Amino acid sequence: LAGRALISLSFGGAIGLMFLMLGCALPIYNKYWPLFVLFFYILSPIPYCIARRLVDDTDAMSNACKELAIFLTTGIVVSAFGLPIVFARAHLIEWGACALVLTGNTVIFATILGFFLVFGSNDDFSWQQW
């Protein structure tokens, strides 16, 4: 199951990055401003990963820590969707490029969510597996 899931997640990540690069590199668009969403892809799992390491499930404060992590992650994801729209409204990129980047965002964030659903659910999970 893990091998199949890892292949599916890799495929999803590649498809999402393909949409992002198409929104940047197609000759009719040819602007690379949307690549700034890569920072959001990198930042989005960090609050949740930090919260998982700090959380003790019996502690009431740990629930607040998880909620804060989910709130920060939500802010990062919403920013990743908002940035291409702001770029398109400011005429830095075309609306077609914006649509491609938003499609790539959807696929990438679904892939990140899938990673945490598949590999983050068991208690003996650690980054040393990778």
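How many helices and how many strands does the secondary structure of the protein chain come to? In this predicted model, the count is five helices and zero strands. Reading along the sequence simply gives α-α-α-α-α. The chain runs to 130 residues, and 35% of them are buried. Its accessible surface adds up to about 8400 Å², with carbon and sulfur atoms accounting for 70% of that area. As for how the chain folds back on itself, take the contacts between residues at least 6 apart in sequence: 65% of these join residues at least 24 apart.

The UniProt record, an unreviewed entry, has something to say about the chain too. It puts the feature "transmembrane region" at residues 7-29, 35-55, 67-87 and 93-119. Two of these stretches can be set against the model. Residues 7-29 come out as 83% helix and 0% strand, with 31 Å between the end C-alpha atoms. For residues 67-87 the figures are 100% helix and 0% strand, and here the end C-alpha atoms sit 30 Å apart.

Next come the aromatic rings. Searching the whole structure turns up seven aromatic pairs. One involves Trp33 and Phe36, whose ring centres are 5.9 Å apart; their planes meet at 25°, under the 30 degrees that counts as stacked, so this pair is a stacked one. Trp33 has a relative accessibility of 39%, which makes this residue partly exposed. Phe36 is partly exposed as well, with a relative accessibility of 39%. The two rings also belong to a cluster, in which ring pairs link Trp33, Phe36, Phe39 and Phe87.

A last stop is Ser44. Where does Ser44 lie, in a helix or in a loop? This residue is found in the loop between α2, which covers 37-43, and α3, which covers 46-54. Is Ser44 buried or exposed? Its relative accessible area is just 3%, and anything under 20% counts as buried, so Ser44 is a buried residue. What lies around Ser44 can be spelled out as well. A polar atom of the Ser44 side chain lies 3.3 Å from the backbone oxygen of Tyr41. Leaving aside residues up to four places away in sequence, Ser44 touches Thr73, Ile76, Val77, Phe109 and Ile112. Of these, Thr73, Ile76 and Val77 fall within the stretch 67-87 that UniProt lists as a transmembrane region, while Phe109 and Ile112 fall within 93-119, another stretch with that annotation.

Key: Residues numbered from 1 in each chain as written. Predicted model: local features only at pLDDT ≥ 70, side-chain atom pairs only at ≥ 80, totals over all residues. Heavy atoms only, no water. Helix = DSSP H or I, 4+ residues; strand = E, 2+ residues; numbered from the N terminus. Buried < 20%, exposed > 50% of the residue type's maximum accessible area, 1.4 Å probe, protein only. Contact = heavy atoms within 4.5 Å. Areas by Shrake-Rupley, 256 points an atom, 1.4 Å probe, with all protein chains shown as cover. UniProt positions renumbered as here; feature names shortened; annotations may be inferred. Phe/Tyr/Trp six-rings, centres within 6.5 Å; stacked < 30°, edge-to-face > 60°. Polar contact = N/O pair within 3.5 Å; in protein donor to acceptor, adjacent residues only side chain to side chain.
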